[in-house]
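Please open the model in your viewer and keep the selection panel at hand, as the tour below moves from one selection to the next.

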Amino acid sequence: DPAGMSNYKRVRVAGGTYFFTLRLASDERSDLVQHVDVLREAYAATTAEAPVRTEAIVVLPNHLHAVWTLPPGDDGYSERWRRIKARFSRGLSINRRSMSKERRREKGVWQRRFWEHAIRDEADFKAHLRYCWGNPVKHGYVARPADWALSSIHRDIREGRIDAQWSGEEIDGTFGE
């Protein structure tokens, strides 16, 4: 219901944990993996200014998923994502922009909005972690989640959060795809 979207209100829980999906404007582009160094710099600079605990993250060619826990009393995830997207976009050299993007001073790299979900409980948290870890398998990029380099699964395997042999087969849902 497009008319209903104008009344959409994001859920805000200070100090909450959230799942996010951010997409590039074009599904055909693969800027996130081709320029992952620019994305890492944008992410690091932003989270240095406004810290979050990254519970999980996976970067795919045209979208990324992340699970963040915000500091107590903080519900400012939108501003963090705005900064990350802007820094990444500035780091790319893209000359093709529509007039509407020119007027808004946007580069047209990202979709304007992002999808968020406030994590409700431990089962919801675990489902969204597994979704991040298993997403490269879901999209057919690798046979096993641990085979995808641009994923926090490697940190989580080292920390004993998930087994290195986990197949990713039991993930379900679309979670903002």
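Counting ring pairs in this predicted model gives 15 aromatic pairs. To see where some of these rings come together, select Tyr 18, Phe 20, Tyr 43, Trp 68, Tyr 77, Trp 81 and Phe 114, which ring pairs link into a cluster. With the cluster still displayed, add Arg 12, which lies over the face of one of its members, Tyr 77, at a distance of 4.5 Å from the ring centre.

Next, select residues 17–23, which make up strand β1, and within that strand pick out Thr 21. Is Thr 21 buried or exposed? Its relative accessible area is 3%, and because residues under 20% count as buried, Thr 21 is assigned to the buried class. Show the side chain of His 65 as well, since the side chain of Thr 21 makes a polar contact with it at 2.9 Å.

Now move to strand β2, residues 53–59, and colour the strand by accessibility: six of its seven residues are buried, so β2 is largely enclosed by the rest of the structure. Which strand pairs with β2, and in what sense? Extend the selection to residues 63–69, strand β3, and you will find that the two strands pair in the antiparallel sense over six bridges. Together β2 and β3 form a hairpin, with three residues between them. To finish, select Arg 53 and look across to β3, where Thr 69 stands opposite Arg 53.

Key: Residues numbered from 1 in each chain as written. Predicted model: local features only at pLDDT ≥ 70, side-chain atom pairs only at ≥ 80, totals over all residues. Heavy atoms only, no water. Helix = DSSP H or I, 4+ residues; strand = E, 2+ residues; numbered from the N terminus. Buried < 20%, exposed > 50% of the residue type's maximum accessible area, 1.4 Å probe, protein only. Polar contact = N/O pair within 3.5 Å; in protein donor to acceptor, adjacent residues only side chain to side chain. Pairing = 2+ DSSP bridges. Phe/Tyr/Trp six-rings, centres within 6.5 Å; stacked < 30°, edge-to-face > 60°. Lys NZ or Arg CZ within 6 Å of the ring centre and 35° of its normal.
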